[in-house]
Amino acid sequence: MDSSLKERLKDRFEKVLEEGIFSGRLEVQNFENTVSKFLKSSYSISCANGTDALELALRALSIGLGDEVIVPALTWVSTAEAVVLVGAKPVFVDTDEQGLISEDWPNAMTPKTKAVIPVHLYGKMVDMEPLVQKASQSGIFVIEDAAQAFGAFQKGKAAGTWGDVGCLSFYPTKNLGALGEAGMCLTQNSALPEKIRLLLNHGQPVRDQHELVGRNSRIDSIQAAFLNVMLEDFEGNQTRRKAIAKYYLEEFSGISDLILPEGILAEDHNAHLFVVQTERRDELRRHLEKIGIGTAIHYPKILPEMKPFLTLEGDFSISERLSKKILSIPLNSHLNSDEVNTIIREIKSFFLP
Ligand SMILES: Cc1ncc(COP(=O)(O)O)c(C=O)c1O
């Protein structure tokens, strides 16, 4: 973290301490207003984390027991967890070669299907126009899992603003990250914000009046305050991320054993993760680890193969193949030129000794 950011965060922390308001109020309102303006979202409702945002979206759309929700096989566990938590059943579908929900997802619809959850995995947006059109023709809702895609835009519309509800996460490693946990529901439908706000605050429109069974999923004021500071740097950080991604693409283009991420420089990709594909994934990972370069796998196991979601039927062959050859190499705005050059040199020397 650079020293200017550290100072601004400390100053904001001191200001919040002086004010003595730790739930709701000005920092939260400012955060929601700034996000609404930046993403051109009619309603932006902050909450405790991205997983809660998904659960709140499902509950706000009255999805629950006996309902089915279509979910891609390759995603972070929260996408399916939220569906199970509201009592509905996740119905998994395969992804394409980039890890995005397969265009064939409508084949998974049954009379019980209430919604589809496209996940903008790694920050790359699903092609939303045909998806929203198909969902609307079929009378089902679209809940966008935009947890990884803050700030990506497609045809001028932000990730999270295409569906009935869009869900964001501000987990610290995200492009816009808090110093703790935070999330948000976006919606363009004026019928939903009130219900979402009730659900995340014990069903209370005003203190001690409870209209429905909700929960506590309020954002901390301190996290909203930190996010307000982080937002000041967001566009500059994005420029840096994209520049590193562009450099990686140029430097790795001659390595035939490496499949590079598609569309990472486009507006509808926020370059959250730089995910390469290689049959030598585990070997490459060990090589980088040995010299202190940390990598990650998003994700090593597909959801239908995990104990809580075990699904014996269905063809998830693309997702499954991806899970065995994907590797996320370091990409964030804090990497300096020496670090980026070392990563490039080591990956090149691994493939082209
Ligand atoms: C695709 C996806 N969905 C949902 C979430 C859940 O967000 P959170 O960690 O804020 O609960 C995340 C974040 O990790 C994510 O990457």
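This is a short chat about a predicted model, its two domains, its ligand and a few local details.

Visitor: What should I know before I start?
Guide: The model is predicted, so local features need pLDDT of at least 70 and side-chain atom pairs count only at pLDDT 80 or more, while totals for chains, interfaces and linings use all residues. Residues are numbered from 1 along each chain as its sequence is written, and side-chain values use heavy atoms, with hydrogens and water left out.

Visitor: Which domains does the chain have?
Guide: The assignment gives domain 1 (3-228) and domain 2 (234-351). Such bounds come from an automatic or database domain assignment. The domain centres, taken over C-alpha atoms, are 25 Å apart.

Visitor: How many residues does each domain bring to the contact?
Guide: Domain 1 brings 35 residues and domain 2 brings 32 residues. Contact here means heavy atoms within 4.5 Å.

Visitor: And how much area do domain 1 and domain 2 bury between them?
Guide: About 2,900 Å², with 57% of it on carbon and sulfur atoms. Buried area is the accessible area (1.4 Å probe) that two parts lose on being put together, summed over both.

Visitor: How many salt bridges are there between the two domains?
Guide: One salt bridge is counted between domain 1 and domain 2. The term means a side-chain nitrogen of Lys or Arg within 4 Å of a carboxyl oxygen of Asp or Glu.

Visitor: What about polar contacts there?
Guide: Domain 1 and domain 2 share 24 residue pairs in polar contact, both residues at pLDDT 80 or more. A polar contact is a pair of N or O atoms within 3.5 Å; within protein, one must be able to donate a hydrogen and the other to accept it, and residues adjacent in sequence count only if both atoms are side-chain atoms.

Visitor: New topic. Which residues come nearest to the ligand?
Guide: Of the 14 residues around the ligand, they are Gly-50, Thr-51, Asp-145, Gln-148 and Ser-169. A residue counts as near if one of its heavy atoms lies within 4 Å.

Visitor: Any distances?
Guide: A polar backbone atom of Gly-50 is 2.8 Å from a ligand oxygen. For Ser-169, a side-chain N or O atom is 2.7 Å from a ligand oxygen. For Lys-174, the corresponding distance is 2.9 Å.

Visitor: Back to salt bridges. How many are in the whole structure?
Guide: The search finds 20. One pair is Asp-233 and Arg-8, with the closest N and O atoms 2.9 Å apart. Asp-233 lies in helix H7 (residues 221-252) and Arg-8 in helix H1 (residues 3-19), so the pair ties together parts that are 225 residues apart in sequence. Helices (H or I, at least four residues) and strands (E, at least two) are DSSP runs, numbered from the N terminus.

Visitor: Where is the cis peptide bond?
Guide: From His-298 to Tyr-299, with omega near 15°. Tyr-299 sits in the loop between helix H8 (281-290) and helix H9 (317-325).
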